[in-house]
Structures are given as C-alpha cells and as structure tokens.
Amino acid sequence: MSNKVEDKVLDHDYDGIQEYDNPLPRWWLMLFYFGIVFAVAYIPYYHLGPGPLMAEEYAAEMESAAAAQKAHAAALAKAEAGQPKAPAVDYAAMAKDEGRLAKGKALFAERCAACHMADGGGSVGPNLTDKHWKNGRGDVPSIVKVIQKGVAGTAMVAWESQLSKDEIINVSLFVRSLQGTTPAVAKAPEGDLIED
Ligand code: HEC
C-alpha cells in the first residue's frame with residue numbers, strides 16, 4: 001500500500017527547504033507496534049512481576065545441575081559398593097597352565113614365527129628370548145599390550161582385531177616363557193636391558 005501513497009509536499013518551509021510527507025513502511029511500523037505490545041507484556045511480567053530474570057534462571061539451572069550431579073555420583077558410588085571388584089588377571093597362575101602355553105606356542109608358530117622365528121630368536125622382529133625390550137618392560141602385561149596395539153610404523157601390527165583376548169594372553173604367556181631360552185640363531189639384542 002505504501003507505493004500507492006501520493007507524495008505530498010508538507011507546508012513547512014525551513015530556509016527554503018521543503019519536505020515530502022513520507023510515511024514509514026508498513027513492515028517497519030508493524031515491528032514497532034509489536035515492540036510496544038511485547039514490552040507491555042514483558043516488562044510487567046519479568047521486571048515487576050513473578051517472571052524469573054536471566055540471572056535467576058541461570059542460577060536455578062546451575063543448582064538443579066549440581067543436584068543432578070550429586071545424585072548421579074551417589075548412585076554410582078552405591079552401584080560400585082554393591083559390585084564385587086573385577087579380579088585382577090592372575091598371569092602368574094596362568095603361566096603355569098600347560099594348556100595355555102601349548103596353545104600360545106602353536107599360535108606363535110602359526111602367526112608370529114615368520115618375523116620372530118618359532119623359537120623366538122628373531123629375524124624381522126626382535127629376539128624375544130633375551131632381556132632386551134624395545135617396548136614395555138617385558139612382563140606379561142607389557143607383552144599383552146604390544147601384541148594388542150602393535151608398534152606404529154613397524155612390521156609389528158596390532159593383533160587385537162585378529163586374535164581373541166584369550167589367544168593374546170596365551171601367546172603372551174608363551175613369549176614370556178621364552179625368556180632365558182637359547183634359540184638356534186639369536187638376533188642381536190635391541191632396546192633396553194630390563195632386569196626383573
Ligand atoms: C611382519 C612381522 C611381524 C610379525 C608377523 C609379528 N611381529 Fe612382533 N614385532 C615385529 C617387529 C618389527 C617388532 C619390533 C617393533 C619395534 O620396532 O618396536 C616386533 C615386536 C614385538 C614384541 C615386542 C618386542 C620388544 O622388544 O619390545 C613382541 C612381544 C612381539 N613382537 C610379539 C609378537 C607376536 C606374539 C606375534 C604374533 C601374534 C608377532 N609379534 C608377530 C614384527 C612382527
């Protein structure tokens with residue numbers, strides 16, 4: 001409708017400058033009126049009435065979050081108290097298990113011997129019969145870890161996707177049992193000398 005308004009020259013004259021009566025665009029006026037209506041509702045409710053201001057809303061939310069956190073921590077502590085601790089894996093006992101060692105040996109011959117030799121003497125991979133280790137401390141947990149995760153950037157890949165947890169434990173126990181044995185051909189020591 002604004003484009004239908006005819007330009008009317010107002011009858012003021014300021015130092016020879018005249019002006020048109022240009023009405024504001026309707027959309028602008030609508031926004032303006034809306035602003036007034038909004039303020040009439042907003043100010044009494046939030047600033048004079050019961051409506052919570054932003055700072056109060058924030059404080060209330062923080063309070064309920066803190067309460068939720070506390071409840072969650074309490075529930076966790078309760079659940080933990082009721083649950084028996086997972087027993088630590090007893091590698092020492094497992095190392096005496098001939099069945100595990102035999103399975104570990106077979107798996108080693110099949111999957112690992114190409115690089116470490118069946119007797120652990122080493123070729124592409126390090127000698128596993130000596131006390132020198134490039135990764136970890138040469139104890140069963142360290143060996144398990146290096147087999148699971150591999151050594152990035154080397155031929156030693158991560159085996160955790162190819163072997164089950166139990167297979168990895170078995171082959172680790174076997175690797176550990178190679179300590180102090182005498183391989184047919186012993187690769188020169190690599191890594192740090194680690195005494196038990
Ligand atoms: C393709 C060759 C290859 C195969 C197959 C392989 N390894 Fe390795 N392995 C390596 C190399 C190379 C390293 C040395 C990585 C490094 O430089 O830290 C290594 C390192 C290791 C180490 C750590 C030695 C140390 O001194 O830190 C262990 C334990 C080991 N391998 C066990 C195994 C077992 C068990 C298997 C079979 C499931 C296997 N490897 C299969 C090449 C291989």
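Which element gives the largest share of the shell around the ligand? In this predicted model, that share is three residues and comes from α6. The legends below start at the ligand and then visit other parts of the chain.

**View 1. The iron atom of the ligand is held by a histidine and a methionine.**
Welcome to the metal site. His116 coordinates the iron atom through NE2 and Met156 does so through SD, at 2.0 to 2.2 Å. The iron atom has six donor atoms, with angles of 87 to 177° among them, and its site is octahedral. For reference, six octahedral donors ideally give angles of 90 or 180 degrees.

**View 2. The two coordinating residues come from separate parts of the chain.**
His116 belongs to helix α5 (residues 113-116), while Met156 sits in the loop between α6 (140-149) and α7 (165-177), so the pair ties together parts that are 40 residues apart in sequence. How accessible is each partner, buried or partly exposed? His116 has a relative accessibility of 11% and is buried, because the cut-off for that class is under 20%. Met156, with a relative accessible area of 23%, is partly exposed.

**View 3. The ligand occupies the largest pocket.**
Here the view widens to the surroundings of the ligand. Its shell holds 20 residues, and those that come nearest are Cys112, Cys115, His116, Asn135 and Met156. The space that the ligand takes is the largest pocket, and α5 and α6 are the elements that give two or more residues to the shell.

**View 4. Polar atoms of Lys134, Asn135 and His116 lie close to ligand atoms, at 2.7 Å, 2.7 Å and 2.8 Å.**
For those who like to check distances, here are three. Lys134 places a polar side-chain atom 2.7 Å from an oxygen atom of the ligand. Asn135 uses its backbone instead: one of its polar backbone atoms is 2.7 Å from an oxygen atom of the ligand. In His116, an N or O atom of the side chain is 2.8 Å from a nitrogen atom of the ligand.

**View 5. Asn170 is a buried residue with a polar partner.**
Asn170 is part of helix α7. Its relative accessibility is 6%, and Asn170 counts as buried. Which side chain does the side chain of Asn170 contact? The partner is Arg100, whose side chain makes a polar contact with that of Asn170 at 2.6 Å.

**View 6. The side chain of Gln179 meets the backbone oxygens of Leu128 and Asp130.**
Gln179 sits in the loop between α7 and β2 (192-193). A relative accessibility of 19% makes Gln179 count as buried, because the cut-off is under 20%. A polar atom of the Gln179 side chain lies 3.2 Å from the backbone oxygen of Leu128. The side chain of Gln179 also reaches the backbone oxygen of Asp130, at 2.8 Å.

**View 7. Asp15 and Met117 have positive phi values.**
Torsion enthusiasts may want to pause here. Most residues other than glycine have a negative phi. Asp15 is not a glycine, yet its phi is positive and near 45°. Asp15 is located in the segment before α1 (26-48) and is exposed, with a relative accessible area of 81%. Met117 is another non-glycine residue with a positive phi, of about 70°. Met117 lies in the loop between α5 and β1 (132-133) and is partly exposed, at 38% relative accessible area.

**View 8. Three residue pairs set sequence separation beside distance in space.**
The last view follows C-alpha atoms. Tyr20, in the segment before α1, counts as partly exposed at 46% relative accessibility. Tyr20 and Asp7 are 13 residues apart along the chain, and their C-alpha atoms are separated by 6.2 Å. Ala93 lies in helix α3 (residues 91-94) and is partly exposed, with a relative accessible area of 43%. Between Ala93 and Glu167 there are 16 Å in space, C-alpha to C-alpha, and the two are 74 residues apart in sequence. Lys103 is found in helix α4 (residues 98-111) and counts as exposed, at 57% relative accessibility. The C-alpha atoms of Lys103 and Ala68 are separated by 50 Å, and these residues are 35 apart along the chain.

Terms used: Residues numbered from 1 in each chain as written. Predicted model: local features only at pLDDT ≥ 70, side-chain atom pairs only at ≥ 80, totals over all residues. Heavy atoms only, no water. Donors = N, O, S within 2.8 Å, 3.2 Å for Na, K, Ca; no water. Tetrahedral: all angles 85-135°; square planar, octahedral: opposite > 155°, others 65-115°. Helix = DSSP H or I, 4+ residues; strand = E, 2+ residues; numbered from the N terminus. Buried < 20%, exposed > 50% of the residue type's maximum accessible area, 1.4 Å probe, protein only. Near = heavy atom within 4 Å. Polar contact = N/O pair within 3.5 Å; in protein donor to acceptor, adjacent residues only side chain to side chain. 1 Å grid on protein atoms, 1.4 Å probe; cavity = no way out; pocket = protein on both sides within 12 Å on 5 of 7 lines; lining within 4 Å. Sits in = over half its atoms within 2 Å of the grid points.
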